[in-house]
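Trainee: Before we begin, could you show me the model, so that I can ask how each term is justified?
Mentor: Here it is; please ask about the terms one by one.

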Number of protein chains: 2
Amino acid sequence: MVSIKEIAKEVGVSPATVSNALTGKGRVSSQMIDRIQAVAKELGYRPSLAGRALQRGQTGILGLVMPDLTNPLFPRIAQQLSIAADAQGLGILIGDSRGNPDEQSQALHRLVDRGVDGLLVVPQMGAFPEPQPVPTAIIHTASDPRNSVSGDHAGGGSLIARHIAGLGHKRVVILGGDRVSEVQQDRIAGMVQEFATSVETRVLWGEDELSDLITAVSDGATAVMTTSDLLALRVLSHLTRSGFSVPRDVSLTGYDDLPLAWAMHPALTTIAQDVPQIATRALEIVTSLINGNSAPSQGEMVPMRLVIRQSTSKPNPRQESNP
Amino acid sequence: MVSIKEIAKEVGVSPATVSNALTGKGRVSSQMIDRIQAVAKELGYRPSLAGRALQRGQTGILGLVMPDLTNPLFPRIAQQLSIAADAQGLGILIGDSRGNPDEQSQALHRLVDRGVDGLLVVPQMGAFPEPQPVPTAIIHTASDPRNSVSGDHAGGGSLIARHIAGLGHKRVVILGGDRVSEVQQDRIAGMVQEFATSVETRVLWGEDELSDLITAVSDGATAVMTTSDLLALRVLSHLTRSGFSVPRDVSLTGYDDLPLAWAMHPALTTIAQDVPQIATRALEIVTSLINGNSAPSQGEMVPMRLVIRQSTSKPNPRQESNP
DNA sequence: CTGTTAGCGCTTTCAG
DNA sequence: CTGAAAGCGCTAACAG
């Protein structure tokens, strides 16, 4: 490993001057800078982040903690974050809370112990992370006041509900995956609120109530809305098995816009999060905090986008299948 | 930040002794160790990884580079790796090659510059990473001799082909996603080899040839095999649209065992990789290399597992739909 | 404009 | 068994 010292010796100046020349802190004649840079390149000098970290007390590393790395959004967030981060010379260290609050705080601790300069965390369902000694951005849901930035889950719910209402549906069933998830609650709240009294809605939760959902459709509901694309795919299976055709007999919507949404048939009408935007803002928040500025815009909400595909259409009149 | 020095002062010994006591390098009386540990805990001492890294020349951080963090396997690999890694006190820094060879080598460089002790890389399609100055484990495909550990893609192909052959299918169409992918080539090679001459096979590639696939099915193929679950979902869409029922008219298989495989209808027969095993082995290889030992078992192959669900069945005799 | 000195927190000889 | 000293690579403070 070629160090700043060797360059100094080679050029015949002091290490400090080399440092100054290389980091552009001024105070060095431009011809000296040139010479130093030349030698540095020639020797293949790479600054030691470890040395710098020790001196500056900053590692240039951010920690990313997600509830479950298996989360369908993780890849997209991680990708955007990693791109945005290394544009600023920052690295991303991953931590997995493994679907459990204890592990979440352990993951947080491990990262802090490693000396991360900041934290980006998508909280575990129902387990808000305790405050950490480094700047932290929380990516959660707008209804949580401690949130730093999030997609507008409720707004997305309204958006897609408006689409369904606009098609003329009067009876809809909403299926959530897990009651504990605030994100899903918000999505559903947005839908319900949008429908208000103009549309009759029934909310069901989880795999267990899938059969109730079929019953509800048999009883005349013309649209099924879910809180995730995967759930929608499940529903589609059951619907098909029970002889209902989508969207002819019943319209179906998802949420998230995963790759499977366009791969399935009929392609799924769903809501897309602007993940890059969310990731970028989260990063801006921590970096700003790290630089001692206050966070720009706490609790910011990034709008969702409605993606209309083939799984939704106007309701068709249907004869009752129950007496 | 409480340092080793403060503990030393508090206890009335030298920093060196504290270090020895805390890192268990022996050479310290056990009662002294107890006292030091007590004080350390009381003061809330956390060792500075930066200081240690500088001194030891090791950061305790591994770099993980994937071709595209959006890759469906990324979450599972990242998760397993992160769990296995921090069991050993190692951290995982992510790098994204963004689907392009140039970015791949840049990502590698960035991580090396950051001082990672080792690298885990899933190579970009058609772009094998140049050798790096730190121990590296390549997670690729067994047919590549530079590979360190991989799922047995060809073996998985054989496995699922055997299942199809066993059901009695005589004419099958195989659909790959991207010709450039060696992984997909291997999967298909495994299938083709297993069928040998006993089953008539036709290999198609990409979204463009989906219509040919339908034609082939119309012409009498009774099974469609794909190199990924997502592709299988696509195929299912087209098949259904063209009036074919799965598995009645035609059997369908995927590869990867993504969540969507069981969510779709009919649930997909597919091949599951033992991702934890692969991740663990990859980690063992780099850590072993880091510790100066040679890699245990280069080029290891982790067996795949056949997951039989409802998308495959015996072929049904069918009348030709073409004259 | 440049150099010297000092020290970030830790470990590792080498003496005591 | 314990301590003193040196140094990992870098930068900030203060001379010159």
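Trainee: What makes residues of chain B count as being in contact with chain A?
Mentor: Contact means heavy atoms within 4.5 Å, and by that rule 45 residues of chain B are in contact with 45 residues of chain A. This is a predicted model, in which local features need pLDDT of at least 70 and side-chain atom pairs count only at pLDDT 80 or more, while totals for chains, interfaces and linings use all residues. Residues are numbered from 1 along each chain as its sequence is written, chains are lettered from A and ligands numbered from 1 in the order in which they are written, and side-chain values use heavy atoms, leaving out hydrogens and water.

Trainee: How do you know that the copies meet through the same surface?
Mentor: Of the interface residues of chain B, 100% are also interface residues in chain A, so the copies meet through the same surface.

Trainee: What makes the two copies related as by a two-fold rotation axis?
Mentor: When copies are superposed by least squares on the C-alpha atoms of residues with pLDDT of at least 70 in both, a rotation of 180° with 0.0 Å of shift along its axis brings chain B onto chain A, with an RMSD of 0.1 Å. The two copies are therefore related as by a two-fold rotation axis. In chain B, the C-alpha nearest that axis belongs to B:Leu93, 2.2 Å from it.

Trainee: How much area is buried between chain B and chain A?
Mentor: Buried area is the accessible area (1.4 Å probe) that two parts lose on being put together, summed over both, and here the value is about 3,900 Å², of which carbon and sulfur atoms give 61%. B:Ile94, B:Arg114 and B:His265 supply 16% of the area that chain B buries against chain A, more than any other three residues.

Trainee: Why is the meeting of A:Asp113 and B:Arg46 called a salt bridge?
Mentor: The term requires a side-chain nitrogen of Lys or Arg within 4 Å of a carboxyl oxygen of Asp or Glu, so the N to O value of 3.2 Å between A:Asp113 and B:Arg46 satisfies it. Across the interface of chain B and chain A, the rule finds six salt bridges.

Trainee: What makes strand 6 and strand 7 of chain A a pair?
Mentor: Two strands pair if DSSP finds at least two bridges between them, strands being DSSP runs (E, at least two residues) numbered from the N terminus. Six bridges join strand 6 (residues 171-176) to strand 7 of chain A, and the two run parallel; one bridge partner in strand 7 is A:Glu200, opposite A:Arg171.

Conventions: Helices (H or I, at least four residues) and strands (E, at least two) are DSSP runs, numbered from the N terminus.
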